[in-house]
Amino acid sequence: MLNKIAIIDYGMGNLHSVAKALDHVGKQKEEKVEIFITSNRRIIEDADRIVFPGVGAIRDCMAAINRLGIGPIIDDCIDAEKPILAICVGMQALMTTSDENGGVDCLDIISGRVENFANRSLDDQGKRLKVPHMGWNEVSFDAGHPLWANIKNLSRFYFVHSYYVPIVAINPTSQIAGRTQYGESFVAAVAKKNIFATQFHPEKSQSAGLLMLKNFLEWNGTEGYPEP
Amino acid sequence: MGLAKRIIPCLDCENGRVVKGVQFVDIRDAGDPVEVARKYCEAGADEITFLDITASHLGRQTTIETVKAIASQVFIPLTVGGGIRTLLNIQDMLNAGADKVAINTAAVDNPDFVREAAERFGSQCIVVAVDAKRVDEDNDSLRWEVFTHGGRKRTGKDVIKWVREMVDLGAGEILLTSMDRDGTKIGFDLELNCAVSRSVSVPIVASGGVGNLQHLVDGILIGEADAVLAASIFHFQEYSIQEAKTFMNKAGIEVRESASAE
């Protein structure tokens, strides 16, 4: 069966890494995967799965998202129960609001708030926290989710970000799917119905990340494990 | 638990081949960059840095093709440096699959380029590479100066002031190479590393001088680096990435277990 994946392109950053990683995983599975890097509504709505990436400043991201009308397209994909994977600033854009760039309204698809690491400036040894939070950090899984299947709890994933979603900012907290420690515990992944969103970059997280992308290619968009 | 310190093998490339200069003069060949990168990724490298040492002088298309080939096989972060001078150069490298670009000479020529690059592509992908050399005209305090053109050209800029300026303009990471130590195998310039690490808020990658595994440990624990970069000790298989991680872990440094070890 053909697996059509739309990577939403709103002009921000490097979409090729995630495309190449998905292509690689598709080949490993010997499955026909077709990847579209696009902002075209028809192509996105025709796809089986949606990837919503993002890098850079949230103000620029949200301006591009709003200009291209990406919000309503994502709403439609949510209603159509298509599996959606949001990555990094893509995850942050799903929140209600971000403190970055003096405060930016986001898509409010997940009730949450994005804050700045610089406000919590010391690590547990009292050393100044380096920002961006850049590198491989452990993710503790909150609960079983199909996207964590076959991945060892506390696996390391690659992060690079200066803003983050605090644990207390997500409402309800049952939507938190994974947590990571950097100065304090923060949200590494959230899950809501057919959306799974990660602060880390699965496409850059070697075996654990590729396994997550493989799980995404197999995910039916519900939060429970699929029937065997 | 927390953020792991990174080990970054560096591929210095010239005409599509990996090379490593001893103080940028005597150059030996260590193989095909795509093969080397893939091997390092499998061996548990946390990141790969690809520096095109000819890029300032020659055409860039070969480099772009090499980066594309690496990025389609390597699913860890990839930093590309060498001859990054324009926003278009950055765009080309990011499109080819690089995650970060390292800017060196172009930042010295026009510091505002770093601001433009960070605003356009985000600080997370803008690394400023600083080649530092000790200068001894005032003997009462340590001082380092920024050099360019592979250590051939002196800029008159003080390293500490320079890295602060670069971070203020939007650099998301500093790749700090000691030109005094590069190729010597006697260890990082730890005083330089520590001074820079304490001067700025962004992560520091220490580079130049690694000859054994204790040097990597010292770079983190004494030099206060967030990542350590090395070439020849890995290229010539004096040590494996796994040996480096095991050694660092025993010294109390948090590292990412290699995939093969999990």
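**Figure 1. Contacts within chain B of the predicted model.** Among contacts in chain B with a separation of 6 or more, 65% join residues 24 or more positions apart. The chain holds 10 helices and 12 strands. Of its 262 residues, 58% count as buried.

**Figure 2. A salt bridge links distant parts of chain B.** Lys5(B) pairs with Asp226(B), and the closest N and O atoms lie 3.7 Å apart. In sequence, the partners are 221 residues apart. Lys5(B) sits in the segment before β1 (6-14), while Asp226(B) lies in the loop between α8 and β12 (227-230). Lys5(B) is partly exposed, at 24% relative accessible area. Asp226(B), at 13%, counts as buried.

**Figure 3. Asp218(B) is buried without a salt bridge.** This residue belongs to helix α8 (residues 213-221) of chain B. The nearest side chain of opposite charge is that of Arg181(B), 8.9 Å away. A salt bridge needs the nitrogen and oxygen within 4 Å, so this pair does not qualify. Leaving aside residues up to four places away in sequence, Asp218(B) touches Leu190(B) and Gly223(B).

**Figure 4. Chain B meets chain A.** The contact involves 44 residues of chain B and 33 residues of chain A. About 3100 Å² is buried between the two chains, with carbon and sulfur atoms giving 53% of that area. There are 17 residue pairs in polar contact between the chains, counting those with both residues at pLDDT 80 or more. Helices α1 (33-43), α2 (61-71), α3 (87-96), α5 (112-121) and α7 (190-199) of chain B each supply at least two residues to the side that touches chain A. That side of chain B has 19 nonpolar, 10 polar and 15 charged residues.

**Figure 5. Salt bridges cross the interface.** Three are found between chain B and chain A. One of them joins Lys204(A) to Asp99(B), with the closest N and O atoms 2.8 Å apart. Arg156(A) also forms a salt bridge with Glu254(B), at 2.7 Å between the closest N and O atoms. Arg156(A) comes from strand β10 (residues 156-161) of chain A, and Glu254(B) from the segment after α10 (241-250) of chain B. Arg156(A) counts as buried at 10% relative accessibility. Glu254(B) is partly exposed at 27%.

**Figure 6. A salt-bridge network in chain A.** Lys29(A), Glu31(A), Lys214(A) and Glu218(A) are linked in this network. Within it, the side chains of Glu31(A) and Lys29(A) meet at 3.8 Å, N to O. Glu31(A) is partly exposed, with a relative accessible area of 24%. Lys29(A) is also partly exposed, at 22%. Over all chains, the whole structure has 34 salt bridges.

Terms used. Residues numbered from 1 in each chain as written. Chains lettered and ligands numbered in written order. Predicted model: local features only at pLDDT ≥ 70, side-chain atom pairs only at ≥ 80, totals over all residues. Heavy atoms only, no water. Contact = heavy atoms within 4.5 Å. Buried area = accessible area lost by both parts, 1.4 Å probe. Polar contact = N/O pair within 3.5 Å; in protein donor to acceptor, adjacent residues only side chain to side chain. Helix = DSSP H or I, 4+ residues; strand = E, 2+ residues; numbered from the N terminus. Nonpolar A, V, L, I, M, F, W, Y, C, P; charged D, E, K, R; others polar. Buried < 20%, exposed > 50% of the residue type's maximum accessible area, 1.4 Å probe, protein only. Lys, Arg positive; Asp, Glu negative; His and termini not counted.
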